[in-house]
Structure formats: C-alpha cells, structure tokens
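Work through the exercises below with the sequence and model at hand. Try each task before reading its solution.

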Amino acid sequence: MAVASGSAGIVHAISNLLGARYDASHGLANAAALAPTLRFLAPVQPERFARLAEALGVPEADLPALADAVAADDQARFNSARAPDRDAALAILKGAFSA
C-alpha cells in the first residue's frame, strides 16, 4: 500500500527486475533508480517535490551556500571518484531539491 501510494512503483519495478535478472541488491538498485525516477515524475508532480524540499527544511535560497560547503568538504573531494566544484555541487543540490 505504501509503495503504491508513494509513487515508488517505478523505482521498485526497476529494482525488482534488476534483482531478479542480475541478482542486484534491492537497496542498491533502489538507490540507482531513485534519482532518474524522481526527475521523470517531477514535471507532473511539482507540488509534491516542493513539499519534499520543504519537509526536509532546505530552502532553495540556501542552495548556493550549501554548494560552497559541499565543494570544500573533504568527503566530497577525496572520497569520491569525481570531486564536485561549486557549480557541480549546486547542480546536484538543485536536482535534489528543486522541482
């Protein structure tokens, strides 16, 4: 019921298929499918994505400052295959918190 009403149907369909066909971890497959699925749904459900950002307490006006912090963070710079600069971090944050 929660999956059906929470728009997680596409994510779970993909992760179930990947698990069955390729023995992929359900959690990792969900993680891989989540962002592209949210981008697919955002144009038709902008109010839900605005509420999500609001519920997480992330005002869009704060994204530039957060991007600066991400770009300067050792975790982002040294523990990743690709270190984001400020513009990349801002694009990631906007993708996560903007409809």
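The exercises go from the whole chain to single contacts.

This is a predicted model: local features need pLDDT of at least 70, side-chain atom pairs count only at pLDDT 80 or more, and totals for chains, interfaces and linings use all residues. Residues are numbered from 1 along each chain as its sequence is written, and side-chain values use heavy atoms, with hydrogens and water left out.

**Exercise 1. Overall fold and confidence**

Task: Describe the secondary structure of the protein chain, its burial and its pLDDT.

Solution:
- Step 1. Count the elements. The protein chain has seven helices and zero strands. Helices (H or I, at least four residues) and strands (E, at least two) are DSSP runs, numbered from the N terminus.
- Step 2. Check burial. Of the 99 residues, 22% are buried. Buried means under 20% relative accessible area, exposed over 50%, and partly exposed in between (1.4 Å probe, protein chains only).
- Step 3. Take the surface. The accessible surface is about 6,900 Å², and carbon and sulfur atoms account for 62% of that. Areas come from the Shrake-Rupley method with a 1.4 Å probe; for residues, only the protein chains shown count as cover.
- Step 4. Check confidence. pLDDT is the predictor's confidence in each residue, from 0 to 100. The chain mean is 85, and 90% of residues reach 70 or more.
- Step 5. Find the weak stretch. Residues 1-5 stay under 50 in pLDDT, and the model gives them four contacts beyond four places in sequence. A contact means heavy atoms within 4.5 Å.

**Exercise 2. Helix H2 and its neighbour H3**

Task: Give the span of H2 and find what Thr37 touches.

Solution:
- Step 1. Locate H2. The helix covers residues 9-22 and includes Ile10.
- Step 2. Compare spans. The 14 residues of H2 reach 19 Å from first C-alpha to last, close to the 20 Å expected at 1.5 Å a residue. The expected span is 1.5 Å times one less than the number of residues.
- Step 3. Look past the end. Asp23 follows H2 and has a positive phi, near 55°.
- Step 4. Cross to H3. Thr37 sits in this helix, residues 26-41. Thr37 is buried at 4% relative accessibility. Leaving out residues up to four places away in sequence, Thr37 touches Ile10, Val11 and Ile14.
- Step 5. Turn to the surface. Ile10 is partly exposed, at 35% relative accessible area. Ile10, Ile14 and Phe40 make a nonpolar surface patch of about 280 Å².

**Exercise 3. Salt bridges and Ala71**

Task: Which residues form a salt bridge with Asp68 and with Asp74, and where does Ala71 lie?

Solution:
- Step 1. Apply the rule. A salt bridge is a side-chain nitrogen of Lys or Arg within 4 Å of a carboxyl oxygen of Asp or Glu. The count comes to two.
- Step 2. Take Asp68. Arg86 is its partner, with the closest N and O atoms 2.6 Å apart. Arg86 lies in H7 (residues 86-97) and Asp68 in H5, so the pair ties together parts 18 residues apart in sequence.
- Step 3. Take Asp74. Arg77 is its partner, with the closest N and O atoms 3.3 Å apart. Both lie in H6 (residues 74-78), three residues apart, so about one helical turn separates them.
- Step 4. Place Ala71. This residue is in H5, residues 63-72, and is buried at 18% relative accessibility.
- Step 5. List its contacts. Not counting residues up to four places away in sequence, Ala71 touches Arg77, Pro84, Asp85, Arg86 and Ala89. The C-alpha atoms of Ala71 and Asp85 are 5.1 Å apart, with their positions 14 residues apart along the chain.

Key. Patches are made of residues with over 30% relative accessible area and no salt bridge: like charges are joined within 9 Å, nonpolar side chains (Val, Leu, Ile, Met, Phe, Trp, Tyr) within 5 Å.
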